[in-house]
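Reader: I'm new to reading protein structures. Could you walk me through this one?

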Amino acid sequence: DFVAFSPDGRRVLSGKGFSLDLWDAATGQHIRTFTGRSVGAFSPDGRRVLSGTSPKSLKLWDVETGQLIRTFMGHSRGVVAVAFSPDGRRFISAGWDGNIWIMESTIKLWDTETGRLIRTFSGHSDGVIAVADGVIAVAFSPDGRRALSGSGDETLKLWDVETGRLIRTFTGHSFVVNSVAFSPDGQRVLSGSPLETMRLWDAATGAEIATFARFSDGEWIVRTQDGSYNASSGGRARLDPK
């Protein structure tokens with residue numbers, strides 16, 4: 001399932017099954033449905049919606065009219081995640097290429113206006129892999145020059161958007177990485193895993209800065225790698241110098 005606010009906060013996009021629904025955030029009124037899977041994203045200006053469709057295409061829609069603007073073909077299997085660049089001129093998609101016997105999880109960079117496939121990023125898999133090891137989440141850096149991917153192989157990877165070069169791999173999770181994000185200044189990276197842990201990383205060095213772990217009763221424990229402090233938040237926030 002998927003849900004996201006439009007950039008101006010006035011609308012909500014939700015996905016479930018094989019459709020994406022647009023809602024008025026203030027009234028809860030349903031505006032329209034876009035054909036696609038429960039994978040989607042608003043463009044930075046909020047005027048367009050991108051949907052990942054089954055089995056192998058992506059579609060760009062006009063938010064106001066619901067009109068289909070363009071279809072993108074390139075993944076040979078399914079599409080599992082999408083993200084726009086900050087200027088909206090490009091987007092990345094994560095999906096599957098190959099066939100039922102040999103599959104590779106890839107990330108593709110597209111030109112939003114022309115539909116052209118610019119390049120493919122490969123590195124989370126080498127040919128024959130289990131579907132569970134594929135890319136699950138993608139994100140652009142605030143300056144649009146780097147891309148981040150999280151995968152079922154328990155890693156996240158940082159890419160150079162212009163060249164397709166793999167900059168570095170972040171390791172430390174013990175389960176799939178299903179959410180990734182940059183800090184507003186692009187200097188740090190946050191990754192999340194379904195095992196209720198999050199990790200904060202230095203984007204420039206790949207060093208892990210802190211681990212967030214949730215325990216019983218909704219309490220989150222934060223431990224920095226240098227051991228300088230522990231912080232926790234349950235009924236009350238607490239900071240414990242070492």
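Reader: How much area does the protein chain expose, and what share of it do carbon and sulfur atoms supply?

Author: This is a predicted model, where local features need pLDDT of at least 70 and side-chain atom pairs count only at pLDDT 80 or more, while totals for chains, interfaces and linings use all residues. Residues are numbered from 1 along each chain as its sequence is written, and side-chain values use heavy atoms, with hydrogens and water left out. By the Shrake-Rupley method with a 1.4 Å probe, counting only the protein chains shown as cover for residues, the chain exposes about 12200 Å², and carbon and sulfur supply 50% of it.

Reader: Which strand gives the most to the largest nonpolar core?

Author: A nonpolar core is a set of buried Ala, Val, Leu, Ile, Met, Phe, Trp, Tyr and Cys residues joined through side-chain atoms within 4.5 Å; buried means under 20% relative accessible area (1.4 Å probe, protein chains only). The largest one here has 14 residues. Strands are DSSP runs of E, at least two residues long, numbered from the N terminus, and the one giving the most to this core, with three residues, is S13.

Reader: Is Arg48 buried or exposed?

Author: Arg48 lies in strand S6. Its relative accessible area is 15%, which means that Arg48 is buried.

Reader: Which side chain does the side chain of Arg48 join in a polar contact?

Author: A polar contact is a pair of N or O atoms within 3.5 Å; within protein, one must be able to donate a hydrogen and the other to accept it, and residues adjacent in sequence count only if both atoms are side-chain atoms. At 2.8 Å, the partner of Arg48 is Glu113.

How values were computed:
Buried means under 20% relative accessible area, exposed over 50%, partly exposed in between (1.4 Å probe, protein chains only). Helices (H or I, at least four residues) and strands (E, at least two) are DSSP runs, numbered from the N terminus.
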